[in-house]
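Visitor: Please choose a single part of this model and take me through it closely, setting out the cut-offs as you use them. I would also like to hear how far the coordinates can be read.

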Number of protein chains: 2
Amino acid sequence: MEPHLIESIDLELALLIRHLTSLKTSRTSPNLDRSAYLLLQYIHNHESVGVKTLADALRLDVSTASRQAAALEQKGYVFRTPDPQDGRAYFLKLTDLGREDFFAYKVFRQTRILEITEGWPDEDRAKFGELLHKFNQGLR
Amino acid sequence: MEPHLIESIDLELALLIRHLTSLKTSRTSPNLDRSAYLLLQYIHNHESVGVKTLADALRLDVSTASRQAAALEQKGYVFRTPDPQDGRAYFLKLTDLGREDFFAYKVFRQTRILEITEGWPDEDRAKFGELLHKFNQGLR
DNA sequence: GTGTTATAATTGTATTATGCAACTACTTGA
DNA sequence: TCAAGTAGTTGCATAATACAATTATAACAC
C-alpha cells in the first residue's frame with residue numbers, strides 16, 4: 001500500500017473543506033443556506049421526519065437539529081404536525097415553498113458541480129460519486 | 001450525461017462535509033485543530049511563507065490567516081523572521097515542536113483515512129485522491 | 001395507581017472559524 | 001514629496017455547532 005495515496009487523499013480532503021467553506025462564505029449562493037440544504041433534502045426524501053431522527057441521520061446534536069428545524073419553519077419551508085403516538089414529538093414536512101426553494105437551490109448546486117466537472121468523462125463523475133459514497137459509509 | 005451522477009456527487013459532498021464536521025467537533029483528535037493543519041502543512045511544504053501568501057493559497061481572508069498564524073506562534077509551532085525586502089512583512093517558519101506535532105497529527109489523520117478506506121483496492125484510493133484533486137482544481 | 005427513569009424537543013451558553021471593515025505602518029509610483 | 005498601494009493586525013459580527021439544563025410526555029417497575 002502506497003503511503004502516498006493516503007497522503008494525497010488527506011491533503012485533498014483538507015483542501016476541499018477549505019475551498020467549499022470559502023465558497024459558502026462568498027455569498028454567491030441563493031437564499032438557502034447550506035446547513036438547511038441537507039435538512040430539506042432529508043425531509044424531502046423521507047416526506048415526514050422528527051427532530052431526533054433528523055439529528056441522528058445527519059449526525060447533528062438535537063439542539064442544532066431543533067434550531068435548524070425552527071429556522072426552516074420560520075422561513076415557511078416546513079410545517080409541523082403532531083406525532084399522534086407521542087405527545088412530545090412532531091413530524092416535519094415540506095411546504096410548497098420549501099419544495100420550490102429546495103429545488104431551486106438544488107439546481108444551483110448541481111449546475112455548479114456540472115461546471116466544476118466540465119470535461120470530466122461520465123466515468124469519472126460516476127466514480128467520484130461512488131467513492132465519495134464509499135468514503136462516507138466508512139465515516140462512522 | 002446522466003443527471004443522476006451529478007445529483008449523487010451533490011448529496012455525497014454535502015454529507016461528507018457534515019460528517020467531517022461532526023468528527024471535528026467530537027474532540028477525539030489530538031491537540032492540533034483542523035484549521036491549523038492546513039497552515040502547518042503549507043508552511044511545511046514551502047519552508048517559509050508570509051501571511052498574504054498563506055491567505056491567498058488557502059483562500060482565507062488575510063485577517064483569518066493572520067489570526068491563525070498568531071495562534072500557531074502562540075503555541076510555539078512557528079516563528080517569525082522579518083522579510084529583509086519589506087519592512088511590513090515577515091516569514092513564518094516551522095519550529096521543531098511545530099514539525100513534531102504536525103507530523104503526529106498528520107499520522108493520526110492518515111491512520112484514520114486508512115481505516116476508513118480499509119478494504120479499498122489501491123486503485124480506488126488512487127482514483128479517489130486523483131478525483132478529489134481534479135475537483136479541487138475545478139473549484140475556483 | 002404511583003413514583004422513577006427514559007426520552008423528545010427546546011433554550012441557555014459557549015466555542016470555533018470565518019469574513020468585512022477599519023486601522024497602522026511600510027512600500028511603490030507619479 | 002505626496003498619493004496610492006499593500007502587509008499585517010484588530011474590531012466587530014455571523015454562522016454552525018455541541019454540551020448543559022430544562023420542560024413535558026412516555027415507559028417501566030412496584
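Guide: I begin with a stretch that calls for caution: over residues 27–31 of chain A, pLDDT (the predictor's confidence in each residue, from 0 to 100) stays under 50, and the model has five contacts for these residues beyond four places in sequence, a contact being two residues whose C-beta atoms, placed from the backbone, lie within 7 Å. Where pLDDT is low, the predicted coordinates should not be read in detail. Chain A as a whole has a mean pLDDT of 90, with 94% of its residues reaching 70 or more, and the model scores ipTM 0.90 and pTM 0.91. This is a predicted model, in which local features need pLDDT of at least 70 and side-chain atom pairs count only at pLDDT 80 or more, while totals for chains, interfaces and linings use all residues. Residues are numbered from 1 along each chain as its sequence is written, and chains are lettered from A, and ligands numbered from 1, in the order in which they are written.

The part I have chosen is the contact between chains A and B, to which chain A gives 43 residues and chain B gives 43 residues. On the side of chain A that touches chain B, at least two residues each come from helix H1 (3–24), helix H2 (34–46), helix H5 (96–116) and helix H6 (122–138); helices (H or I, at least four residues) and strands (E, at least two) are DSSP runs numbered from the N terminus. H1(A) contributes the largest share of that side, 17 residues. By class, the side of chain A that touches chain B holds 23 nonpolar, nine polar and eleven charged residues, where Ala, Val, Leu, Ile, Met, Phe, Trp, Tyr, Cys and Pro count as nonpolar, Asp, Glu, Lys and Arg as charged, and the others, Gly among them, as polar.

Chain A is superposed on chain B by a rotation of 180 degrees with 0.0 Å of shift along its axis, at an RMSD of 0.0 Å. The two copies are thus related as by a two-fold rotation axis, the superposition being made by least squares on the C-alpha atoms of residues with pLDDT of at least 70 in both. Of the interface residues of chain A, 98% are also interface residues in chain B, so the copies meet through the same surface.

Within this contact, H6(A) deserves a closer look: its 17 residues reach 24 Å from the first C-alpha to the last, close to the 24 Å expected at 1.5 Å a residue, the expected span being 1.5 Å times one less than the number of residues. In H6(A), A:Arg125, A:Phe128, A:Gly129, A:Leu131, A:Leu132 and A:Phe135 are buried, and the buried residues of H6(A) pack against helices H1 (3–24), H5 (96–116) and H6 (122–138) of chain B. A residue is buried if 20 or more other C-beta atoms lie within 10 Å of its own, exposed if 12 or fewer, and partly exposed in between, with C-beta atoms placed from the backbone.

In chain B, B:Gly129 lies in helix H6 and is buried, with 22 other C-beta atoms within 10 Å. Leaving aside its neighbours within four places in sequence, B:Gly129 is in contact with A:Leu5, A:Ser8, A:Ile9 and A:Glu12.
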